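This briefing is meant to be read with the sequence and the model side by side. It goes through the sheets, the helices that pack on them or on each other, and the surroundings of the ligand.

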Amino acid sequence: MNIFALSTGKGPSGIAILRLSGKDSLQISKLITKKNDIKSKEVNLCKFYDPSNGKMIDEGLLLWSPGPNSYTGEDLAEFHTHGSNAVVSCFLRVLGEQENCRLAEPGEFTKIAFQNNKMDLVEAESIGDLIHAETELQRQQAIKLIQGNASNHYNSLREKLVKSLSYIEAKIDFAEDDLPENVLKEVQASIKHVHKNIKQILEDQKIGEKIRDGFRISIIGDVNAGKSSLLNLLSKREAAIVSEQEGTTRDVIETYLNIDGYPVILADTAGIRKVKNKVEKEGIKRAIKKAKDADLTLVMVDASKKTINKDLKKLINEDCILVFNKSDLSKKPPKNEFTKNNQILISVKKNKNIDSLIKTIKEKLSKKFMKANSILVTRERHRAKLNAALKEIEKFLKKDQKKEIETAAEDLRLATRHLGGIVGKVDVEEILGSIFQDFCIGK
Ligand SMILES: Nc1nc2c(ncn2[C@@H]2O[C@H](COP(=O)(O)OP(=O)(O)OP(=O)(O)O)[C@@H](O)[C@H]2O)c(=O)[nH]1
Ligand SMILES: [Mg+2]
């Protein structure tokens, strides 16, 4: 079967690229271009025709890459046409009318590339990440993964396990004196090293996932301090209702932002105060929970107030940034005991000092998270596999390997399998579906 799809985005554009992969793609390309001398890895200037009636569809370029040296590893044609909806839909119809030709499923080109060993699973996933990257940090992380840093690391850990396993199997198969005495000691040391390494990777505060999904920042504070106003200003839209009435916001309102390259999910919450109203009470409960779950909390206080309210004070810890708003009304924020915290005086209304708040947010996030090691876990799937491998290794290390050598070997075998599953060396089928379905069609 040959598969095809529009690989560029929808809508009128200068150029659209349609891909066709499969063993008949050269034959079909010849039919569509009426050309017999299509050159590989060269730009072929062509007219494109509908073979059913010989009428011209458009003119453009054809890039022809015979397998295995193509993105998918199969024969691959790329048609560059003008990017109008009419040209694209006509071209897609014509491709669909060719024998053994069907529209590709989301991510199918990359899935075939993986199946043809053009890339491993981590690299394939990171191509999906790169396509969806919205911020600079996300782009950098995806590129690192595409370059194979993480894959190489996982492979080298797995190879260490495989090597140890082969020693243990030799110990099982051969008589005692055929192998040097210290083999088991060496195995133990090597496995301890792998164990330590995986633990380090896992102790990364989920930074890789946060870069993919966004850092969680919550704004909590006094009623009427300007929390919703700040959310609206940063997200450049009227996401939350702003009013001079106290207790306007009840529900948590979240928006996704790109703060200077940092992907952020910013939450606006109900103002903290003592209330009887059931609905507002529930809102405050949710606000407190949001603050607890956040990677960073902005505590907002009206700068013209004499003191910080007691209930709010209880929620301030060393990690919070204190934001005194309404500097247009008062240049002197209330004196307070939180001298170790970052404190910033702003005015949302007058757009004053917002850049310094953004700078502080960035510095806080990078101080808290960016010291993490270079191998970042970017998906729950990787984390689950690493945890499973770690568990098996721990079982192995707890055993008396002289007495329980056979079950110890099984522990190592399972650990190897879990580690291999990250890059796709085993257990592939079950995870393929879930990975590639997140892609867009044409990739
Ligand atoms: N003078 C002045 N007023 C501001 C500033 N920022 C916000 N306001 C006003 O303060 C009032 C409350 O703003 P909101 O953004 O609704 O405050 P909030 O903290 O979300 O309030 P609740 O949702 O009720 O907790 C509105 O009338 C805003 O226009 C500021 O920098 N200076
Ligand atoms: Mg509000």
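The points below are grouped by topic.

The model described here is predicted. One open sheet of six strands follows the order β3-β4-β5-β2-β1-β6 with mixed pairing, and another open sheet of six strands follows the order β8-β9-β7-β10-β11-β12, with mixed pairing as well.

**Sheet β3-β4-β5-β2-β1-β6**

- The edges of this sheet are formed by β3 (43-50) and β6 (101-103), each of which pairs on one side only, and the twist from one strand to the next averages 30 degrees.
- Strand β4 (residues 55-65) runs antiparallel to β3, with eight bridges between them, and within this pairing M56 of β4 is the bridge partner of Y49.
- Helix α1 (residues 25-33) lies across β1 (2-6), β2 (13-21), β3, β4, β5 (76-83) and β6, and its direction is at about 70 degrees to β3.
- Helix α2 (residues 85-97) also packs on the sheet, where it touches β1, β2, β3, β4, β5 and β6, while its direction makes about 150 degrees with that of β5.

**Sheet β8-β9-β7-β10-β11-β12**

- Because β8 (253-259) and β12 (342-345) stand at the edges with a single partner strand each, one side of each is left without a neighbour in the sheet.
- Neighbouring strands of this sheet are turned against each other by 25 degrees on average, with direction ignored.
- Strand β9 (residues 262-268) pairs with β8 in the antiparallel sense over seven bridges, and D268 in β9 stands opposite I253.
- Helix α10 (residues 278-293) lies across β7 (215-221), β9 and β10 (296-302), and runs at about 140 degrees to β7.

**Helix pair α7 and α13**

- The axes of helix α7 (residues 183-202) and helix α13 (residues 380-398) come within 10 Å and cross at roughly 150 degrees, and this crossing of α7 and α13 is left-handed.
- On the α7 side the contact includes I191, V194, I198 and L202, and on the α13 side the residues include L386, L390, I393 and F396.
- By class, the residues of the contact of α7 with α13 divide into eleven nonpolar, two polar and three charged.

**Surroundings of ligand 1**

- There are 22 residues around ligand 1, of which G226, S228, T249, G271 and K349 come nearest.
- Helix α9 (residues 227-235) gives the most to this shell, with three residues.
- The shell around ligand 1 has five nonpolar, eleven polar and six charged residues.

How values were computed:
Residues numbered from 1 in each chain as written. Chains lettered and ligands numbered in written order. Predicted model: local features only at pLDDT ≥ 70, side-chain atom pairs only at ≥ 80, totals over all residues. Pairing = 2+ DSSP bridges. Helix = DSSP H or I, 4+ residues; strand = E, 2+ residues; numbered from the N terminus. Axes fitted to C-alpha atoms, helices over the stretch in contact; angles between N-to-C directions. Contact = placed C-beta atoms within 7 Å. Left-handed = near helix turned anticlockwise from the far one by under 90°. Nonpolar A, V, L, I, M, F, W, Y, C, P; charged D, E, K, R; others polar. Near = placed C-beta within 6 Å.
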